[in-house]
Amino acid sequence: MGKRFSVIVVSVLIGALLGAAAVSLLTRVRGGSRGNGQLVRGHPMQYWLDWLDSDDAARRAEAAAALPQFGAPAVEPLVELLGSAHPPTRDAARDALVTLGPAAVHELTAALDDKPPVKQILALEILQRMGSGAGSAVEEIAALLEDPAV
């Protein structure tokens, strides 16, 4: 009976390990909760967001080109990166948001009230670069320009 019990225990442990590995693999392939499981160039959104914060300029440029392909789900994390302490990351996020265009206007308009000021300035710059695509932000921009603190 002892040998039979050991075989059962080992079988259960192997099954549990295989199940955990399958869940981990599926989560990684689907990209976790960001990007709705969409992959761009074979990678989930978080992969590209991590590359956007890289010290390697080529990686940042590749990420800035890949992230807009996720569409609207990429907007919020990119707007958050406008407040990064790493200027190259902020610039790469800015470039990706400009490419996203009107899909980013709502979040960028909300960022006009955010701190740090660099985030506000970049949001304003992006909206300006979008031109007529940022038309829905005109009132918020006008109010910001009238604010003596800005």
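I looked first at the start of H3, where a side-chain oxygen of Asp56 comes to within 2.8 Å of the backbone nitrogen of Ala58. That fits a polar contact (N or O atoms within 3.5 Å; within protein, one able to donate a hydrogen and the other to accept it, with sequence-adjacent residues counted only if both atoms are side-chain atoms).

Note to self: this is a predicted model, with local features needing pLDDT of at least 70, side-chain atom pairs counted only at pLDDT 80 or more, and totals for chains, interfaces and linings using all residues. Numbering runs from 1 along each chain as its sequence is written, and side-chain values use heavy atoms, without hydrogens or water.

Next, H3 itself (residues 57-66); helices are DSSP runs of H or I, at least four residues, numbered from the N terminus. Which of its residues are buried (under 20% relative accessible area, 1.4 Å probe, protein chains only)? I found Arg60, Ala63, Ala64 and Ala66. Down the axis of H3 they fall within an arc of 165° (directions from the helix axis to the C-beta atoms), so they line one face. They pack against H2 (45-52) and H5 (87-100).

Then Leu78. Beyond neighbours within four places in sequence, I list its contacts (heavy atoms within 4.5 Å) as Leu49, Leu52, Leu67, Ala93, Ala96, Leu97 and Leu100.

Last, Lys119 in H7 (residues 117-130). Buried or exposed? Lys119 counts as buried, because its relative accessibility is 4%. Leaving out neighbours within four places in sequence, Lys119 is in contact with Val79, Glu80, Leu82, Gly83, Ala111 and Asp114.

Methods
Helices (H or I, at least four residues) and strands (E, at least two) are DSSP runs, numbered from the N terminus. Buried means under 20% relative accessible area, exposed over 50%, partly exposed in between (1.4 Å probe, protein chains only).
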